[in-house]
Amino acid sequence: MARKWTGREVAEDLDRKTAEKVAALVAKGVTPTLGVVRVGEKPADLSYEKGLEKRCGKIGIRVEKFLLPEDVSEQGLLDVVREVNASESIHGILLFRPLPAGIDEHRILQAISPEKDMDCVTDLSLAGVFAGKKDGFAPCTAEAVIRILDYYGYDCTGKRAVVVGRSTVIGKPAAMLLLQKNATVTIAHTRTRDLPALLREADLIVAAAGHSHTVTRECLGMGQTIVDVGINVTPEGTLVGDVDKEAEEALAGAYTPVPGGVGAVTTAVLVSHLATAAGAQTGNAE
């Protein structure tokens with residue numbers, strides 16, 4: 001029977017470790033602070049922000065919000081990002097995306113100081129991931145994949161891993177992180193020739209294509225480990241991943257559910273990044 005690797009336990013363990021870091025910093029007079037920059041009032045942004053504030057509050061992290069109207073100018077948003085960059089009391093930046101039409105998102109993202117880039121949105125941060133450097137932060141979702149594997153004791157060394165998805169947000173950085181864990185990695189996508197044959201030979205599948213049922217029963221072999229990063233909404237309003245649920249439950253050795261898997265760990269990773277950044281910026285790095 002397939003083992004279900006839920007994210008709640010992983011997130012709770014990471015939160016506990018982060019809380020210890022935060023308590024040590026507070027004892028030295030440093031309150032780790034996250035600057036949240038939000039444009040408009042999108043319901044999804046508001047929901048995520050509420051959950052983030054709750055998690056930060058439990059751990060002892062302060063959240064300072066910079067709320068801008070939907071019709072903010074590109075220069076106005078850029079000025080706010082630069083203000084947060086310059087603030088010595090704010091140690092990390094989270095910018096909600098996508099930004100409104102008419103704003104050059106790439107220009108805004110590249111204005112974020114790499115040391116305050118909590119989710120690897122700048123080119124410099126991403127270059128650090130590909131170079132295997134430790135002086136930056138990987139994308140939170142990609143790192144959440146690794147955190148889950150580590151927590152459940154999965155040894156990537158020598159394993160054949162296939163990452164389905166080639167985005168710079170999840171697919172490509174997840175592949176780089178797996179390489180750093182000594183896996184042999186193939187990056188596949190929805191246009192890969194004979195994707196089922198490739199996936200059946202994998203020891204580890206990371207599904208991050210962003211399309212439901214990308215990984216079907218014919219793609220799976222017995223006993224594989226499957227990490228499903230996909231978040232898709234069916235016409236009935238149900239959340240599903242990229243992997244056929246019934247197939248993975250029947251065939252996998254271990255799998256992450258959707259919801260309740262990788263997504264549950266992503267915010268915990270972000271908060272962990274903030275605590276680390278606060279220590280580094282104030283001369284209190286571990």
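I began with a definition: helices and strands are DSSP runs, a helix having at least four residues, and they are numbered from the N terminus. With that in hand I looked at E20 and R16, which lie four residues apart in helix 1 and are therefore separated by about one helical turn. I note here that I am working with a predicted model.

**Entry on helix 1.** Between E20 and R16 I found a salt bridge, with the closest N and O atoms 3.4 Å apart. I checked how open each partner is, and E20 is partly exposed at a relative accessible area of 48%, while R16 counts as partly exposed at 43%. I then looked up E12, which forms a salt bridge with R8, and there the closest N and O atoms are 3.1 Å apart. Both E12 and R8 sit in helix 1, which covers residues 7–27, and they are four residues apart, about one turn of the helix. E12 is partly exposed, its relative accessible area being 44%, whereas R8 counts as exposed because its value of 60% is over the 50% cut-off.

**Entry on K65 and E53.** I next turned to a salt bridge in which the side chains of K65 and E53 meet at 3.4 Å, N to O. This pair links distant parts of the chain, since K65 belongs to strand 3 (residues 62–68) and E53 to helix 2 (residues 43–59), with their positions twelve residues apart in the numbering. I recorded K65 as partly exposed at 35% relative accessible area, and E53 as partly exposed at 32%. Following the shared partners, I found that salt bridges join R38, E41, E49, E53 and K65 into one network. For the chain, the count of salt bridges comes to 16.

**Entry on helix 6.** I asked myself which residues of helix 6 are buried. They are C140, A142, E143, A144, V145, I146, I148 and L149. I then traced what the buried residues of helix 6 pack against, and the list holds helix 1, helix 7 (171–180), strand 7 (204–207), strand 8 (225–228) and helix 10 (262–281). Helix 6 itself runs over residues 140–151, twelve residues in length, and reaches 16 Å from its first C-alpha to its last, close to the 16 Å expected at 1.5 Å a residue. After helix 6 comes G153, whose phi is positive, near 75 degrees.

**Entry on a surface patch.** I looked for nonpolar side chains on the surface and noted that I231, V233 and L239 form a patch there, with about 280 Å² of accessible area together. One of these, V233, lies in strand 9 (residues 232–233), and V233 is exposed, since its relative accessible area of 59% is over 50%.

**Entry on the whole chain.** I closed by stepping back to the protein chain, in which there are ten helices and eleven strands. Its radius of gyration is 19 Å, close to the 19 Å that the globule rule gives for 286 residues, so the chain is as compact as a globular protein of that length. Taken along the principal axes, the C-alpha atoms fill a box of roughly 50 × 45 × 35 Å. Buried residues make up 50% of the 286 residues. Among contacts with a separation of 6 or more, 70% are between residues 24 or more positions apart. The chain exposes about 13,500 Å², and carbon and sulfur atoms supply 52% of that area.

Conventions:
Residues numbered from 1 in each chain as written. Predicted model: local features only at pLDDT ≥ 70, side-chain atom pairs only at ≥ 80, totals over all residues. Heavy atoms only, no water. Patch = residues over 30% accessible without salt bridge, like charges linked within 9 Å, V, L, I, M, F, W, Y side chains within 5 Å. Areas by Shrake-Rupley, 256 points an atom, 1.4 Å probe, with all protein chains shown as cover. Salt bridge = Lys/Arg side-chain N within 4 Å of Asp/Glu carboxyl O. Helix = DSSP H or I, 4+ residues; strand = E, 2+ residues; numbered from the N terminus. Buried < 20%, exposed > 50% of the residue type's maximum accessible area, 1.4 Å probe, protein only. Rg over C-alpha atoms; globule rule 2.2 N^0.38 Å. Contact = heavy atoms within 4.5 Å. Expected span 1.5 Å × (residues − 1).
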